[in-house]
2 protein chains.
Amino acid sequence: MALGEFELIDRYFRDCGAPRADVVLGVGDDGALLRPPPGTDLVAVSDTLVEGVHFPVGSPAASVGHRALAVNLSDIAAMGGTPRWALLSLTLPQVEEPWLEGFAQGFGALARAHGVALVGGDTTRGALTIGVQVLGTVPAGEGLRRSGGRPGDALFVTGTPGDAAAGLAIIMGAPGTLAAGQGAADLRRDVPDVARPDARPDARPDALEALRQRFLFPTPRLAEGEALRARASACIDISDGLVGDLGKLAAASGCSAVLDLEALPCSAALAAAFTPEAALRCMLEGGDDYELLLAVPPPQVAAVAAMPGLTRIGELREATARHAAGPSSMGARVMLRRRGADGTSRETPAAGAGFDHFAG
Amino acid sequence: MALGEFELIDRYFRDCGAPRADVVLGVGDDGALLRPPPGTDLVAVSDTLVEGVHFPVGSPAASVGHRALAVNLSDIAAMGGTPRWALLSLTLPQVEEPWLEGFAQGFGALARAHGVALVGGDTTRGALTIGVQVLGTVPAGEGLRRSGGRPGDALFVTGTPGDAAAGLAIIMGAPGTLAAGQGAADLRRDVPDVARPDARPDARPDALEALRQRFLFPTPRLAEGEALRARASACIDISDGLVGDLGKLAAASGCSAVLDLEALPCSAALAAAFTPEAALRCMLEGGDDYELLLAVPPPQVAAVAAMPGLTRIGELREATARHAAGPSSMGARVMLRRRGADGTSRETPAAGAGFDHFAG
């Protein structure tokens with residue numbers, strides 16, 4: 001990029017994050033110099049967002065900036081870490097000042113809210129791609145992993161998973177909510193995921209807007225991750241959907257798992273805007289809200305259940321011989337349990353079952 | 001990406017780097033857990049390579065892997081750091097096993113040569129873009145910066161700058177050296193830099209090949225950076241060309257600078273394959289070989305001059321009043337000095353002078 005473009009970037013990003021005393025040298029040299037406190041392990045995470053893959057073309061710049069940092073902070077939260085420093089690699093097709101200003105506002109507000117300093121990175125010309133790396137710390141040896149769960153551990157989830165997937169479905173079904181002049185066909189092609197449920201035609205605008213906001217501005221669960229570091233046996237952030245990520249946690253822990261469908265926390269907005277079947281599908285398959293899924297050993301269950309913002313949704317079990325054979329087909333490790341009208345419970349494998357099974 | 005693609009990535013990258021005892025938890029969780037030694041500052045660097053911008057379309061995969069890591073190791077070297085851990089964000093248009101194998105071979109060989117562990121990252125579908133972050137360490141408070149230079153400090157450079165720029169010019173002028181079926185017009189468009197000098201028509205093939213290799217597989221100067229950490233007052237890696245990066249070092253140090261053109265180290269291959277004018281231009285403008293440029297205070301000059309692989313090429317001076325006014329137009333801080341036939345020396349500003357001035 002030409003010098004003028006570097007200067008623009010410099011203008012928007014030099015003071016974008018939080019000031020921190022442990023930044024020895026920040027933006028502007030070949031690298032940053034950072035001073036971790038003694039007795040800590042570093043937590044290093046990296047995630048890249050590509051326009052049209054991870055967010056629809058025409059997304060608000062502030063949302064793109066927020067999400068690029070939020071997905072990384074969520075990974076830090078899943079390790080029980082405290083975030084400190086971020087690097088930003090910004091690949092842009094061209095330099096547009098209003099876009100950069102919005103991006104920096106969204107990125108910076110979230111960074112400052114969590115005390116994260118932006119200490120470096122680089123800018124490049126190309127297809128819109130945002131790479132972010134965050135460095136955090138945990139007390140040495142205390143990082144949360146996916147692999148610590150044991151049979152009998154209870155499963156908890158933060159927040160109300162599924163809202164962001166519903167919000168994305170609303171955005172994809174009504175592209176005018178993002179940017180004028182963008183056709184629905186374009187948007188549907190740009191985020192080439194699964195088929196998405198439609199909102200109820202009579203859904204109230206405030207419910208739709210609440211769900212959209214949950215996609216555009218997800219909340220990384222940093223306080224929950226830190227508070228649960230000493231109580232949980234395993235943790236993962238739900239980026240690929242509750243069933244898929246539970247399968248990964250269970251596989252890493254050498255377990256299988258069961259989810260109680262009636263226990264899944266459904267937000268008022270999701271319940272109001274979608275049919276029960278579509279809402280359930282968002283809760284089980286949606287990952288864009290980046291909630292945390294945790295395994296909690298029995299002695300800690302009462303304390304965790306008393307914490308606000310957490311819901312008990314199932315448990316880990318012994319893996320069957322088939323599970324022990326290999327890690328593939330994560331969903332096969334997860335059973336879905338529902339109570340029938342007669343009070344008995346019925347279980348269905350999550351993998352390959354399709355979601356028609358859960359209706360009625 | 002589908003699971004099968006994640007598995008492919010996992011196959012090529014899980015054991016790609018060096019094993020390290022300070023990796024508490026590597027690839028495969030939400031983040032990596034790393035244990036820096038007590039009494040150190042972290043050095044954090046990040047650089048992204050985009051196909052068609054930073055390397056020609058059709059570049060060998062092993063070269064792309066090597067360069068993606070090398071440009072980051074060069075930044076670590078410029079801070080006087082020791083590299084430890086790397087993260088890799090790979091955005092690929094499609095998964096091609098031979099390409100991934102070559103990329104991992106190039107990346108992994110350089111990582112293992114410098115004891116760097118690959119501890120995480122992510123994969124995404126999109127235009128070929130490689131983001132790498134490297135974390136290293138320096139003894140606390142001892143990181144080298146651009147800003148420590150003082151008037152009277154001698155300037156040294158590692159290696160023979162300009163070789164890689166010459167190699168790229170050869171590749172761009174003879175695209176068949178990269179990949180069959182790629183037209184010259186395409187390649188010239190894909191790396192939209194400055195006009196490039198042509199090699200002499202009678203240049204020997206071994207000289208051309210040596211220069212090509214310097215572009216495809218540059219050497220990060222880690223040993224030099226570590227050895228000079230205690231002796232140099234300032235350092236920068238030459239990624240944008242000697243004159244431009246000297247301008248940045250001088251500006252950060254509040255100085256101006258002079259380069260002795262006759263002192264610039266020209267490799268035998270560069271001298272053999274290009275005219276003196278073209279070779280000089282490669283040395284002054286080319287940055288792709290990622291040599292280090294260092295300022296050295298007078299008491300350290302004799303010791304540094306005795307180290308192998310370093311050449312004294314000029315000195316820092318007081319900044320003029322015009323320089324003190326602002327950091328723009330970096331090249332204006334740099335004077336080029338050459339000795340005339342009568343033994344007197346003559347100086348020309350580097351910025352805007354054009355390179356015809358240096359001929360004859």
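## A sheet shared between the chains

In E3(B), Leu42(B) is the bridge partner of Leu34(A). The model is a predicted one, and this pairing belongs to a junction between its two chains. Strand E2 (residues 32-34) of chain A and E3(B) are joined in the antiparallel sense by three bridges. The sheet that results is open and has six strands, ordered E1(A)-E2(A)-E3(B)-E6(B)-E4(B)-E5(B), with mixed pairing. Its edges are strand E1 (23-25) of chain A and E5 of chain B; each has a single partner strand, so one side of each is left without a neighbour in the sheet. Direction ignored, neighbouring strands of this sheet are turned by 20° against each other on average.

H3(B) packs on this sheet and touches E4, E5 and E6 of chain B. The direction of H3(B) makes about 165° with that of E4(B).

A further pairing across the chains involves strand E3 (residues 40-50) of chain A, which runs antiparallel to E2(B) and is joined to it by three bridges. Within this pairing, Val43(A) stands opposite Leu33(B) of E2(B).

## Extent and composition of the interface

Chain B contributes 48 residues to the contact and chain A contributes 49 residues. The area buried between the two chains is about 3900 Å², with 55% of it coming from carbon and sulfur atoms. On the chain B side, the greatest losses of area to chain A fall on Asp30(B), Leu33(B) and Leu42(B), which together account for 18% of what that side buries. Two of these residues also appear in the strand pairings: Leu33(B) opposite Val43(A), and Leu42(B) as the partner of Leu34(A).

Between chain B and chain A, 18 residue pairs are in polar contact, both residues being at pLDDT 80 or more. The elements of chain B that give two or more residues to this side include strand E1 (23-25), strand E2 (32-34), helix H2 (61-78) and strand E8 (234-237). E3(B) gives the most, with ten residues. By residue class, the chain B side divides into 23 nonpolar, 14 polar and eleven charged residues.

## Salt bridges

Six salt bridges are found across the interface of chain B and chain A. One of them links Asp30(A) with Arg146(B), whose closest N and O atoms are 3.3 Å apart.

Over all chains the count comes to 42 salt bridges. Within chain B, Arg11(B) forms a salt bridge with Glu97(B), the closest N and O atoms being 3.4 Å apart. Arg11(B) lies in helix H1 (residues 3-13) of chain B and Glu97(B) in helix H3 (residues 97-113) of chain B, so this pair ties together parts that are 86 residues apart in sequence.

## The seven-stranded sheet of chain B

Chain B also holds an open sheet of seven strands in the order E8-E10-E7-E11-E9-E12-E13, and its pairing is mixed. E8 and strand E13 (345-349) of chain B are the edge strands, each pairing on one side only. From one strand to the next, the twist averages 25°.

Within this sheet, strand E7 (residues 154-158) of chain B and strand E10 (residues 292-296) of chain B pair in the antiparallel sense over four bridges. Ala154(B) stands opposite Val296(B) in E10(B). Two helices are placed against these strands. H2(B) lies across E8 and E10 of chain B, running at about 175° to E8(B). Helix H8 (residues 242-252) of chain B packs on the sheet, where the strands it touches include E7, E8 and strand E9 (255-260) of chain B; the direction of H8(B) makes about 150° with that of E9(B).

Definitions and conventions:
Residues are numbered from 1 along each chain as its sequence is written. Chains are lettered from A and ligands numbered from 1 in the order in which they are written. This is a predicted model: local features need pLDDT of at least 70, side-chain atom pairs count only at pLDDT 80 or more; totals for chains, interfaces and linings use all residues. Side-chain values use heavy atoms; hydrogens and water are left out. Contact means heavy atoms within 4.5 Å. Buried area is the accessible area (1.4 Å probe) that two parts lose on being put together, summed over both. A salt bridge is a side-chain nitrogen of Lys or Arg within 4 Å of a carboxyl oxygen of Asp or Glu. A polar contact is a pair of N or O atoms within 3.5 Å; within protein, one must be able to donate a hydrogen and the other to accept it, and residues adjacent in sequence count only if both atoms are side-chain atoms. Ala, Val, Leu, Ile, Met, Phe, Trp, Tyr, Cys and Pro count as nonpolar, Asp, Glu, Lys and Arg as charged, and the others, Gly among them, as polar. Two strands pair if DSSP finds at least two bridges between them. Axes are lines fitted to C-alpha atoms, for helices over the stretch in contact, and angles run from 0 to 180 degrees between N-to-C directions.
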